[in-house]
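Biologist: I'd like to go through this one with you, a few questions at a time. Can you put the sequence and the structure up?

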Amino acid sequence: MRQRVITAVVALALFIPILWLGGLAVELVAALLAVIGVYELFRMKGLTLLSFEGILAAIGAVVLVLPKERWFFFLSEGTDTFMLFYLIVMILLGTAVISKNTYTIDEAGFPVIVSLYVGMGFQNFVNARTEGLPVLLFGLFIVWATDIGAYMVGRKYGKHKLSPDVSPNKTIEGALGGIGSALVVAILYFLLYPSTELFGHGLFVMLLLTILLSIVGQFGDLVESSIKRHYDVKDSGNILPGHGGILDRFDSLLFVFPIMHLFGLI
């Protein structure tokens, strides 16, 4: 527990100034986190990042994360960075031809989905900060409140397993506690930043979206747990002592921010 607290304090001390600065700082850190996320997924599968598909997957994730206006200004006005990403997909698929089918579409699918999973998540993390610090903080607070509420309520009242085959320690009671905690935090947040001014929606709509985001965040956590269970690993990595890897800390966020974008909150 002591190690977890120390790591959390140090991470926040480094993370908060970066969030405050925004812009280039957030973009570079998000790109770095994306590469680490790709590395962790490749490592879980027993592959190395310093391989043909590993390097392409990392480049693909970075291409998705970094904004076109600052980093890919050479692209024509009607072209977005997803076309660069698709170029990487074509290279991976074309490898089957060059290798005479020793490298297959099944093998190419792994780096593609890894890049999308990590890249789109951190892309929308960057987009949220571009919209403004209050927008980004809303997403972060909902995820953190859900995690804390689910842990506290689940530990004290949890009896019915939520998904025992994927994450045996999570309970339905804990999940409901996480949603309730997220709602409380959202109400307090909107006292500081009225929802109509921040997102253009009234309080009732935003509370409904808060419930959705809390559920999505917990689902993102379960998705990462299922990946770890599939590869029979306890943590995605060990870069954060006491907490595991980057994906262990950002798994919920990688789902929440794209859904915020989908519903026009980013």
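Biologist: Let's start with R70: is R70 buried, partly exposed or exposed?

Modeller: Bear in mind that this is a predicted model. Buried would need a relative accessible area under 20%, and exposed would need over 50%. R70 comes out at 42%, so R70 is partly exposed.

Biologist: Which residue does the side chain of R70 meet in a salt bridge?

Modeller: The closest N to O distance for the pair is 2.7 Å, and a salt bridge here needs a distance within 4 Å. The partner has a relative accessible area of 5%, so that residue counts as buried. R70 is in helix 4 (residues 68–71) and the partner is in helix 2, so the bridge ties together parts that are 43 residues apart in sequence. The partner of R70 is E27.

Biologist: Which residue of helix 3 touches E27?

Modeller: Helix 3 spans residues 52–65, and the residue you want is found there. Besides E27, the contacts of this residue include A30, A31, A34, G119, F122, Q123 and V126, leaving aside residues up to four places away in sequence. With a relative accessible area of 2%, the residue is buried. The answer is V65.

Biologist: And how far apart in space are V65 and P17, C-alpha to C-alpha?

Modeller: In sequence, 48 residues separate V65 and P17. In space, the C-alpha to C-alpha distance is 20 Å.

Biologist: Let's turn to the domains. What area is buried between domain 1 and domain 2?

Modeller: The domain assignment puts residues 1–131 in domain 1 and residues 132–265 in domain 2, and the C-alpha centres of the two lie 21 Å apart. In contact terms, 27 residues of domain 1 meet 27 residues of domain 2. Carbon and sulfur atoms give 72% of the buried area, which is about 2,700 Å².

Biologist: How many residue pairs are in polar contact between domain 1 and domain 2?

Modeller: Salt bridges don't help here, as the count between domain 1 and domain 2 is zero. For polar contacts, with both residues at pLDDT 80 or more, the number of residue pairs is six.

Biologist: Which element gives the largest share of the side of domain 1 that touches domain 2?

Modeller: Three elements give two or more residues to that side: helix 1 (2–21), helix 2 (23–45) and helix 6 (105–131). The residues on that side divide into 15 nonpolar, six polar and six charged. The largest share is 12 residues, and that share comes from helix 6.

Biologist: Back to salt bridges: which residue pairs with K170?

Modeller: The side chains meet with N to O at 3.4 Å. K170 sits in strand 2 (residues 167–171) and the partner in helix 10 (residues 203–231), so the bridge ties together parts that are 51 residues apart in sequence. K170 is partly exposed at 26% relative accessibility, while the partner is buried at 16%. That partner is D221.

Biologist: How many salt bridges does the structure hold?

Modeller: Another one is the pair D235 and K234, with the closest N and O atoms 3.9 Å apart; D235 is partly exposed at 29% and K234 is exposed at 70%. E224, K228 and D248 are linked in a network of salt bridges. The structure's count of salt bridges is five.

Biologist: Is T210 buried or exposed?

Modeller: T210 is found in helix 10. Leaving aside residues up to four places away in sequence, T210 touches F138, I142, A182, L183 and A186. The relative accessibility of T210 is 0%, so T210 counts as buried.

Biologist: Which residue in the loop between helix 10 and helix 11 has a positive phi although it is not a glycine?

Modeller: The phi in question is about 60 degrees. The residue is exposed, at 71% relative accessibility. The name is D232.

Biologist: Last one: which residue with a positive phi follows helix 12?

Modeller: In helix 12 (residues 253–262), L253, L254, V256, F257 and M260 are buried. What covers them includes helix 6, helix 7 (133–157), helix 10 and helix 11 (246–250). The phi of the residue that follows is near 75 degrees, and that residue is G264.

Notes:
Residues numbered from 1 in each chain as written. Heavy atoms only, no water. Domains from an automatic or database assignment. Contact = heavy atoms within 4.5 Å. Buried area = accessible area lost by both parts, 1.4 Å probe. Polar contact = N/O pair within 3.5 Å; in protein donor to acceptor, adjacent residues only side chain to side chain. Helix = DSSP H or I, 4+ residues; strand = E, 2+ residues; numbered from the N terminus. Nonpolar A, V, L, I, M, F, W, Y, C, P; charged D, E, K, R; others polar. Buried < 20%, exposed > 50% of the residue type's maximum accessible area, 1.4 Å probe, protein only.
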